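Dear colleague,

I am passing on the structure below, followed by an account of what came out of going through it. Please read the account with the coordinates open beside it.

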Amino acid sequence: MSTRLDGKVVLVTGASSGIGEAAALALSAEGARVAVGARRTDRLESLADKAPGEVLVLELDVTDQESVRSAVARTVERFGALDVLVNNAGVMLNGPVLGADTSEWTRMVETNLLGSMYTVHAALPHLLESKGTVLQISSTSGRIASANSGVYAATKFGITAFAESLRQEITAQGVRVVVVEPGFVATELMAHVKDPAMREMARKMAASMRTLQPEDIADAIVYAVTQPEHVAVNEILIRPTDQT
Ligand code: NDP
């Protein structure tokens, strides 16, 4: 077993499925002690059973600031530090602007954008202490917006903007900020989309290509957080080869 993260403490948000789950397992396999947060704690318990290393299961709703503060506090209480934050929790509820259910916009902004900001806010004092790393999961939608994904793209553009501002504030203090921008990854992300036309579009898109797997993104995350201290991998854009 490789141990490039031996003794390091990582918090992964949205670890109950998809990219977050794969990242937690990959980081655990590298020797990290991993705190995993999400609302579906049954899924997190199964992850903890599978992981090779020590895992702390945290019930976490990133839209709730108190829940975020408590997750960070419990991580530090249990493991004594926080070295890496993988800010991954997110939802994608795509659809056209006209006639949209704006409660879905609120949910995306509160989860993807505010939720990741709250998590950085709570984790930052500990990351400054450990000279740690903030890794933000953005998206290709954080670089190029397309029809029917305006609000989701706005949240992901926002994550990138926030990350660059944060980087300028803290890089001199030894904290690294990484943005990972995946293209199409086969996960449960589309399962929450209500609009049947959007779901069909995503199904066709998935069928037209060899999609990325969550483990492909986990590999990129492990790469970014295992570099020597003087190397800051600030951005990783990773698409399926077949995705135009
Ligand atoms: P999944 O739906 O499989 O995972 C989303 C995760 O976010 C789940 O663990 C879910 O846990 C968690 N989550 C959602 N809302 C909350 C909340 N309020 N509080 C805490 N956790 C929450 O999708 P992915 O793995 O694909 O998504 C992970 C990230 O990757 C997202 O930020 C997404 O935008 C991004 N991404 C995904 C791409 C893809 O093609 N799949 C492409 C580019 C980026 P629970 O419901 O248990 O709380």
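The model, which is predicted, contains an open sheet of seven strands, arranged in the order β3-β2-β1-β4-β5-β6-β7 and paired in the parallel sense. At the edges lie β3 (55-59) and β7 (235-238), each of which pairs on one side only, and from one strand to the next the twist averages 15°. As general background, strands of a sheet are held in pairs by backbone hydrogen bonds, in either a parallel or an antiparallel arrangement.

Within this sheet I looked in some detail at β5, which covers residues 133-137. Five of its five residues are buried, so this strand is largely enclosed by the rest of the structure. Both of its faces are covered, with T133, L135 and I137 buried on one side and V134 and Q136 buried on the other.

One partner of β5 is β4 (residues 84-87), with which β5 pairs in the parallel sense over four bridges; in this pairing V86 stands opposite L135. Between these two strands the chain passes through helix α4 (residues 102-130), and the resulting β-α-β crossover is right-handed.

Another partner is β6 (residues 176-182), which is joined to β5 by five bridges, again in the parallel sense. Here Q136 has V179 as its bridge partner in β6, while I137 has V180. The connection from β5 to β6 runs through helix α5 (residues 150-170), and this β-α-β crossover is right-handed.

As for β6 itself, seven of its seven residues are buried, which leaves the strand mostly covered. R176, V178, V180 and P182 point one way from β6, whereas V177, V179 and E181 point the other way, and all of them are buried; you may wish to note that the charged residues R176 and E181 are included in this list. Beyond it, β6 runs parallel to β7 and is joined to it by four bridges, with P182 standing opposite I238 in β7.

Which residues come nearest to the ligand? Of the 30 residues around it, these are G14, G18, R39, R40 and G90. The elements that contribute two or more residues to this shell are α1 (18-29) and α4, the latter being the helix through which the chain crosses from β4 to β5. The largest share, three residues, comes from α1. Sorted by class, the shell around the ligand holds 13 nonpolar, 13 polar and four charged residues.

Finally, is helix α6 enclosed, or does it lie in the open? Of its twelve residues the number buried is zero, so α6 lies largely in the open, in contrast to β5, where five of the five residues are buried. The helix, which spans residues 196-207, reaches 16 Å from its first C-alpha to its last, close to the 16 Å expected at 1.5 Å a residue.

With best regards

Notes: Residues are numbered from 1 along each chain as its sequence is written. This is a predicted model: local features need pLDDT of at least 70, side-chain atom pairs count only at pLDDT 80 or more; totals for chains, interfaces and linings use all residues. A residue is buried if 20 or more other C-beta atoms lie within 10 Å of its own, exposed if 12 or fewer, and partly exposed in between; C-beta atoms are placed from the backbone. Two strands pair if DSSP finds at least two bridges between them. A crossover is right-handed if, with the strands pointing away from the viewer, the path from the first strand over the helix to the second runs clockwise. A residue is near a molecule or strand if its C-beta atom, placed from the backbone, lies within 6 Å of it. Ala, Val, Leu, Ile, Met, Phe, Trp, Tyr, Cys and Pro count as nonpolar, Asp, Glu, Lys and Arg as charged, and the others, Gly among them, as polar. The expected span of a helix is 1.5 Å times one less than its number of residues. Axes are lines fitted to C-alpha atoms, for helices over the stretch in contact, and angles run from 0 to 180 degrees between N-to-C directions.
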